[in-house]
Amino acid sequence: MQPTFTRRHLLGIRELNAGEITHLLDTAETFREVSKRQIKKVPALRGRTVINLFFEPSTRTRTSFEIAAKRLSADAVNVSVSTSSVSKGETLLDTARNLEAMAPDCIVIRHSSAGAPQHLARMTNAPIINAGDGAHEHPTQALLDALTIREYKGRIEGLKVAIVGDILHSRVARSNIYLLTKLGANVSIGGPGTLVPGEFAELVDNGLRVERHFQDAIDGADVVMILRIQRERQDAAFFPSMREYAVHYGLQPRHLDRAAPDAIVMHPGPMNRGVEISSEIADGSRSLILDQVTNGVAVRMAVLYLLAGGPSEEPTETTAPVKKQKRERK
Ligand code: CP
């Protein structure tokens, strides 16, 4: 029987099972081809509306959700939080309820508070997609990373994946740890001790190793995923200086020499060049950083298609006027 995706929201990878993740990846694979066409558009979401509500800066995620919606023929609306009524003190929930009153088929939200998308999913009726919440999860990033690994390695099961850098503050790390271990990868995490807490091993039942030394995580890895130092979330001195971080934990060719000979390098972006990754690696032949961005469009097309698609309700002239009813509140 074909696996299906019947969820109303995409809030995180943690709650998904391997079949749902694989279904999302397979759907994304079918959409990858649309972006290679001369006319990059299919009518799948014609007449649907997607709202992007980003409370934190974004280049890749926000743009690719907008492009994904447009390639599916949906109407994409970007709410600029700095010029919205949020700046007058309107709450997140009131903002979302007012947007919901305009009948979108889906709201994509990024917020600095972990749990903000889950809150909206409970309190509103619109399908909610988490585009990154605090240091909690970034599910579409993990999906696009997995799609990229599958594209270049042909599988995920049995691969050794090293995730190195600022694990503590990284929603990308959490979502990837959940996803990759659910699909049978062996994940090693490493970085400065202050940024790689031992309790990460408790995040998953198996398939995760917490290494004390950065290089130990990379040794023999098929995939090396390097994370950004999240300057905006460093509320304490986790390491002495950026310069020292670069010297001890910046990914250099000598580190990769001990990975698998055909190891690939990934980074979710934005990169701090010369800090967590050298330009030689970022722009080198093993780097798939821009392939990740390309796959982000296909993944977001798949997620929008599966969540904002729903049954089509073409209005007909015989449709009886609907009696006005009080809005149902959750
Ligand atoms: N990877 C990622 O989330 O990038 P943006 O912050 O630019 O969206």
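Begin by selecting the ligand, which sits in the second largest pocket. The model on display is a predicted one.

**The pocket**

Display the pocket next. The second largest pocket holds about 360 Å³ of space. Its lining comprises 20 residues, and those closest to the pocket centre are Arg-110, Arg-171, Arg-228, Gly-269 and Pro-270. Colouring the lining of this pocket by class gives 5 nonpolar, 8 polar and 7 charged residues. To place the lining within the fold, highlight helix 2 (60-71) and helix 6 (171-182), each of which contributes at least two residues to the lining of the second largest pocket.

**The shell around the ligand**

Return to the ligand and select its surroundings. The shell includes the run Ser-58, Thr-59, Arg-60 and Thr-61. Arg-110, His-138, Gln-141, Pro-268 and Gly-269 also surround the ligand. By class, this shell contains 1 nonpolar, 6 polar and 2 charged residues. Two of the names have already appeared on this tour: Arg-110 and Gly-269 are among the residues closest to the centre of the second largest pocket.

**Polar contacts of the ligand**

Which atoms of Arg-60, backbone or side-chain, should be shown for its contact with a ligand oxygen? The backbone is the part to display, for a polar backbone atom of Arg-60 is 3.0 Å from an oxygen atom of the ligand. Move next to Thr-61, where a polar side-chain atom lies 2.6 Å from a ligand oxygen atom. Then select His-138, whose side chain places an N or O atom 2.9 Å from an oxygen atom of the ligand. With a surface switched on, note how far the ligand is enclosed: on its own it has 260 Å² of accessible area, of which the protein covers 91%.

**The cavity**

Leave the ligand and turn to the enclosed space. The structure holds 1 cavity of 30 Å³ or more. The largest cavity has about 60 Å³ of space. To outline the largest cavity, select Arg-60, Ser-64, Gln-141, Leu-144, Pro-268, Gln-292, Val-293, Gly-296 and Arg-300. Its lining divides into 3 nonpolar, 4 polar and 2 charged residues.

Which helix supplies the largest share of this lining? Helix 11 does, with 4 residues. Helix 2, helix 5 (139-153) and helix 11 (289-308) each provide at least two residues of the cavity lining.

**Final selection**

Finish by selecting Arg-60, Gln-141 and Pro-268. These residues belong to the shell around the ligand, and they also line the largest cavity. Helix 2 may be kept in view as well, since it supplies at least two residues to the lining of the second largest pocket and at least two to that of the largest cavity.

How values were computed:
Residues numbered from 1 in each chain as written. Predicted model: local features only at pLDDT ≥ 70, side-chain atom pairs only at ≥ 80, totals over all residues. Heavy atoms only, no water. 1 Å grid on protein atoms, 1.4 Å probe; cavity = no way out; pocket = protein on both sides within 12 Å on 5 of 7 lines; lining within 4 Å. Points joined across faces, edges and corners; volume = space filled by probe spheres on them. Nonpolar A, V, L, I, M, F, W, Y, C, P; charged D, E, K, R; others polar. Near = heavy atom within 4 Å. Polar contact = N/O pair within 3.5 Å; in protein donor to acceptor, adjacent residues only side chain to side chain. Areas by Shrake-Rupley, 256 points an atom, 1.4 Å probe, with all protein chains shown as cover. Sits in = over half its atoms within 2 Å of the grid points.
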